[in-house]
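Biologist: I'd like a close look at one loop residue in this chain, and then a tour of what lies around it in the sequence and beyond. Could you start with how open that spot is and take it from there?

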Amino acid sequence: VCSMGNSTSRLYSALAKTLSSSAVSQHQDCLEQPDSAQLDPIDPKDLLEECQIVLQKRPPRFQRDFVDLKKNAASNHRPIRVMQWNILAQALGEGKDNFVQCPMEALKWEERKCLILEEILAYKPDILCLQEVDHYFDTFEPLLSRLGYQCTFFPKPWSPCLDVEQNNGPDGCALFFLKDRFELINSANIRLTAMKLKTNQVAIAQTLKCNETGRLFCIAVTHLKARTGWERFRSAQGRDLLQNLKSITQGAKIPLIICGDFNAEPTEEVYREFSNSSLNLNSAYKLLSPDGQSEPPYTTWKIRPSGECRHTLDYIWYSQHALNVNSALGLLTEEQIGPNRLPSFNYPSDHLSLVCDFSFNQDPDRLL
């Protein structure tokens, strides 16, 4: 455990109490949370304060505003805030991704983890969907479980993080939900297939019951295969995921939210498959465009040795007849991102976080 400042802090204590070498070294096919029931809760304000102490030499967080997307119908329940984010695996950021304009100092885990936590604490999601998580057992599960989240992690079978010296184990997808708002009905860890072959990409799908309304919905998180030339492979993975979700949601009888880094622009076949699926999905961030039909111009922006990479790859899909999008968090502007792009001293990942507030349609019997 690394010290989080000049003196022993509450955050350091929180981490120290929850770390064990045996927990960090577990590389099983399917990894669930260790038992954190005996650990004291953490006040999110205290944790945020400790993060800010660690980050005091860094520039302040960028201001991002929510865009109100509510239609005339008022909701009779608190909205459900969902956050989607590829946080950048630490081993990949330091060892493989070659961000040529990002100083190595900006990638130090001791500070970068505090930037990630600060972003999560600032938006207070009810449900958090993360990709490229390689510090689940020593950071995210110990802390988020004590903030009231139930935590699930599913690593990639052959994580590229394991090729990096002094790695922290495999990266994978992680899903967190607030236990005081939702009850877990069932959970599925899915290893995606393509052309009938098991692949290195995974998904988690959980059916939750909203305690306030009693209504069921399914939340899923995934991270599809990266790189140009793998479009057909991604499309096959997408079809497999949709088939799994169709079964889990009983053919869309249960509303669905899917978060993920799809590694696919809106022009790709996998995007069209989700748009045209019988699950009746829409992409929430399209609603920020003037006509409600266009995705944002970018969700990731970085500079690698091969050049500048500016793409829209991250999405929050939802059952558009069962759920309403009340608001969505605006993206960082080009001016905020700056000429060296991402990640940076200001922002911890090469992908932007997406955050939406959802409400259930007022007519639960409305056809999907």
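**From one loop residue outward**

Modeller: N98 has a relative accessibility of 47%, so it counts as partly exposed; the cut-offs are under 20% for buried and over 50% for exposed. Keep in mind that this is a predicted model. You'll find N98 in the loop between α4 (90-95) and α5. Its backbone is worth a look too: phi is positive, about 55°, although N98 is not a glycine.

E132 makes a good comparison. This residue also isn't a glycine and has a positive phi of about 55°. E132, though, is found in strand β4 (residues 127-133). With a relative accessible area of 10%, E132 is buried.

Now back to α5, the helix at one end of the N98 loop. Helix α5 (residues 109-123) meets helix α3 (residues 44-54): their axes come within 9 Å and cross at roughly 140°. That angle is why the two helices are called oblique to each other. The crossing of α3 past α5 is left-handed. On the α3 side, the contact is made by P44, L47, L48, C51, Q52 and V54, and on the α5 side by E110, E111, C114, L117, E118 and L121. Sort those residues by class and you get 8 nonpolar, 1 polar and 3 charged.

Follow the chain on from α3 and you come to Q63, in the loop between α3 and β2 (66-68). At 58% relative accessibility, Q63 counts as exposed, because the cut-off is over 50%. Here's a fun one: Q63 and G330 are 267 residues apart in sequence, yet their C-alpha atoms are 9.5 Å apart in space. Across the chain, if you take contacts between residues at least 6 apart in sequence, 78% join residues at least 24 apart.

Next, look at strand β16. 7 of the 7 residues in β16 (residues 354-360) are buried, so the rest of the structure largely encloses it. Both of its faces are covered, with L354, C356, F358 and F360 on one side and V355, D357 and S359 on the other. β16 pairs with strand β3 (residues 80-86) in the antiparallel sense, over 5 bridges. In that pairing, M83 stands opposite V355. Strand β15 (residues 323-329) is also joined to β16 by 5 bridges, again antiparallel. There, V325 stands opposite F358. If you're wondering what holds such neighbours together, strands of a sheet pair through backbone hydrogen bonds.

The loop between α9 (334-337) and β16 holds P343. A cis peptide bond joins L342 and P343, with omega about -10°.

One more stop: an open sheet of 6 strands, in the order β7-β8-β9-β10-β14-β11, with mixed pairing. β7 (182-194) and β11 (281-283) stand at the edges with a single partner strand each, so one side of each has no neighbour in the sheet. From one strand to the next, the twist averages 20°. β7 pairs with strand β8 (residues 197-210) in the antiparallel sense, over 11 bridges. For a single pair to click on, try I190, whose bridge partner in β8 is A203.

Helix α7 lies across five strands of that picture: β7, β8, β9 (216-223), β10 (256-261) and β11, running at about 150° to β7. L245 sits in α7 (residues 231-248). At 0% relative accessibility, L245 counts as buried. Leaving aside residues up to four places away in sequence, L245 touches A205, C218, A220, L256, I258 and L279. Take I258 from that list: I258 and L245 are 13 residues apart in sequence, and 9.4 Å apart from C-alpha to C-alpha.

To put the tour in context, the chain has 9 helices and 16 strands. Of its 368 residues, 57% count as buried. So where does our starting point fit in? N98, at 47% relative accessibility, is partly exposed, while L245 is buried at 0% and Q63 is exposed at 58%.

Terms used:
Residues numbered from 1 in each chain as written. Predicted model: local features only at pLDDT ≥ 70, side-chain atom pairs only at ≥ 80, totals over all residues. Heavy atoms only, no water. Axes fitted to C-alpha atoms, helices over the stretch in contact; angles between N-to-C directions. Helix = DSSP H or I, 4+ residues; strand = E, 2+ residues; numbered from the N terminus. Parallel < 35°, antiparallel > 145°, perpendicular 65-115°, else oblique. Left-handed = near helix turned anticlockwise from the far one by under 90°. Contact = heavy atoms within 4.5 Å. Nonpolar A, V, L, I, M, F, W, Y, C, P; charged D, E, K, R; others polar. Buried < 20%, exposed > 50% of the residue type's maximum accessible area, 1.4 Å probe, protein only. Pairing = 2+ DSSP bridges.
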